Amino acid sequence: MPERVRTDVGGAGAALDYDAELMLRVKEGDGASFGVLLDKHRSSVVHFLYRMVQNQPVAEELAQEVFLRVYRSRSTYEPTAKFTTWLFRIATHLALNAIRDGKNERLQEHLDDDSSDMPVRQIPDSQPSVEEFMVYQAKLDEVRRAVATLPDKQRAAVLMHKYEEMEYAQIAKVLNCSESAVKSLLFRAYETLRARLAHMA
Amino acid sequence: MRCPIDTRENAEFLLAYCSRKLDAASAAILEDHIRICPACREFARGQQAVWEALDVWEAAPVSPDFDRRLYQRIEKEVSWWDLLMRPFRPLRFRQGLPIAAAAGLVIVAGILLERPAAVPSANSPQSAQVDVVAPDQAEHALQEMEMMREFNRLVHSDAAEPKM
């Protein structure tokens, strides 16, 4: 849980989340606070973008752009929402643009390749057998394909709901829609995923 | 309990249950219902499978040079103010230089760069308009320079220690 910090910035002693407090310090010229935010959110942003575009180099390039935009916006930053809401709004916007700009055509090719983008699963304490590894790879391919078939916004909603554990309200703010729209997106997305992945039970 | 699968809105209870976000009391009530409702039982089974399948999808670690590349991109972001201040960098501002002295230097530079008209025309307004740089802009420039120094330090220390 993020720390809650009371500050006079923002008027009348309003409570801010710790990330927003750090961003306000960045606004005042504190470069080290930007480093703290980067350390804290680098992985989650890259991983979210990776699952959106399913290409690690593209995901890192987009993640760099996310943090670059955060840095550029420092002088006009106002904590009107949670910092992660703002961060993932930028990330989602860039991911959706990248997908619509046709990068997804390249990305889809990778799903059929024996791509080195895919992480090697770390199984502690034992080496997987060849059979276990192949079963794992087959499962992974199936999951990636299933997620890739989801429409862009459904995909983003599922990834935020499942991997970032965001509540409906926050996802709604990221996607700039209503909470009921988010529930609808998730319902349809999980319905599709159940149809494709339920046999893996 | 009314069957949650009857309405799409209520299906969120089943989703929350499958993702283990439902409170214990509500989860117990739902489990009692699932025992007698084939539709909800099937939904829960399928959703549980989806959840476990998605767990298989681990993301690769971030490249060790991610931060270094980002800071290099940030350094390349040259603001118009940075371009204006560049000729004065060899003067080596000391950190303790009062803001007033820095603002004075910039104002002098502004006056030198913007020369008023020698003979005002008969129709032009009597007051000459001179663009000067406000002290807050000078402060902003000093903050920019301080941040650049900080980033330089972080880039060099980051090059020595690769990150995940």
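The following dialogue explains how to read several features of this predicted model.

Visitor: What should be known about the model and its numbering before we begin?

Guide: This is a predicted model, in which local features need pLDDT of at least 70, side-chain atom pairs count only at pLDDT 80 or more, and totals for chains, interfaces and linings use all residues. Residues are numbered from 1 along each chain as its sequence is written, while chains are lettered from A and ligands numbered from 1 in the order in which they are written.

Visitor: How many residues does each chain give to the contact of chain A with chain B?

Guide: Two residues are in contact if their C-beta atoms, placed from the backbone, lie within 7 Å. Here chain A supplies 36 residues and chain B supplies 32 residues. On the side of chain A, the elements giving two or more residues are α2 (31-53), α3 (56-72), α5 (130-149) and α8 (179-197). The largest share, 10 residues, belongs to α2(A). Such elements are DSSP runs numbered from the N terminus: helices (H or I, at least four residues) and strands (E, at least two).

Visitor: Which classes of residue make up the side of chain A that touches chain B?

Guide: Ala, Val, Leu, Ile, Met, Phe, Trp, Tyr, Cys and Pro count as nonpolar, Asp, Glu, Lys and Arg as charged, and the others, Gly among them, as polar. That side has 18 nonpolar, 8 polar and 10 charged residues.

Visitor: How many helices and strands does chain B have?

Guide: Chain B has 7 helices and 0 strands.

Visitor: How is the packing of two helices described?

Guide: Two packed helices are described by the angle between their axes and the distance between the axes. Axes are lines fitted to C-alpha atoms, for helices over the stretch in contact, and angles run from 0 to 180 degrees between N-to-C directions. For α6 (residues 152-162) and α7 (residues 168-175) of chain A, the angle is about 140° and the axes are 10 Å apart. These two helices are therefore oblique to each other; angles under 35 degrees count as roughly parallel, over 145 as roughly antiparallel, 65 to 115 as roughly perpendicular and the rest as oblique.

Visitor: Which residues join α6(A) to α7(A)?

Guide: A:K153, A:A156, A:A157, A:M160 and A:H161 of α6(A) meet A:I171, A:V174 and A:L175 of α7(A). By class, 6 are nonpolar, 1 is polar and 1 is charged.

Visitor: Which residues of α7(A) are buried?

Guide: A residue is buried if 20 or more other C-beta atoms lie within 10 Å of its own, exposed if 12 or fewer, and partly exposed in between. In α7(A), 7 of the 8 residues are buried: A:Y168, A:Q170, A:I171, A:A172, A:K173, A:V174 and A:L175. After α7(A) comes A:N176, with a positive phi near 55°.

Visitor: Which residues have the most contacts inside the largest nonpolar core?

Guide: In soluble globular proteins, nonpolar side chains tend to be buried together. A nonpolar core is a set of buried Ala, Val, Leu, Ile, Met, Phe, Trp, Tyr and Cys residues joined through C-beta atoms within 7 Å. The largest one here has 70 residues, and A:L49, A:L62 and A:A157 have the most contacts inside it. Its largest share, 9 residues, comes from α2(A). Not counting residues up to four places away in sequence, A:A157 touches A:I171, A:L175, A:V182, A:L185, A:L186 and A:A189.
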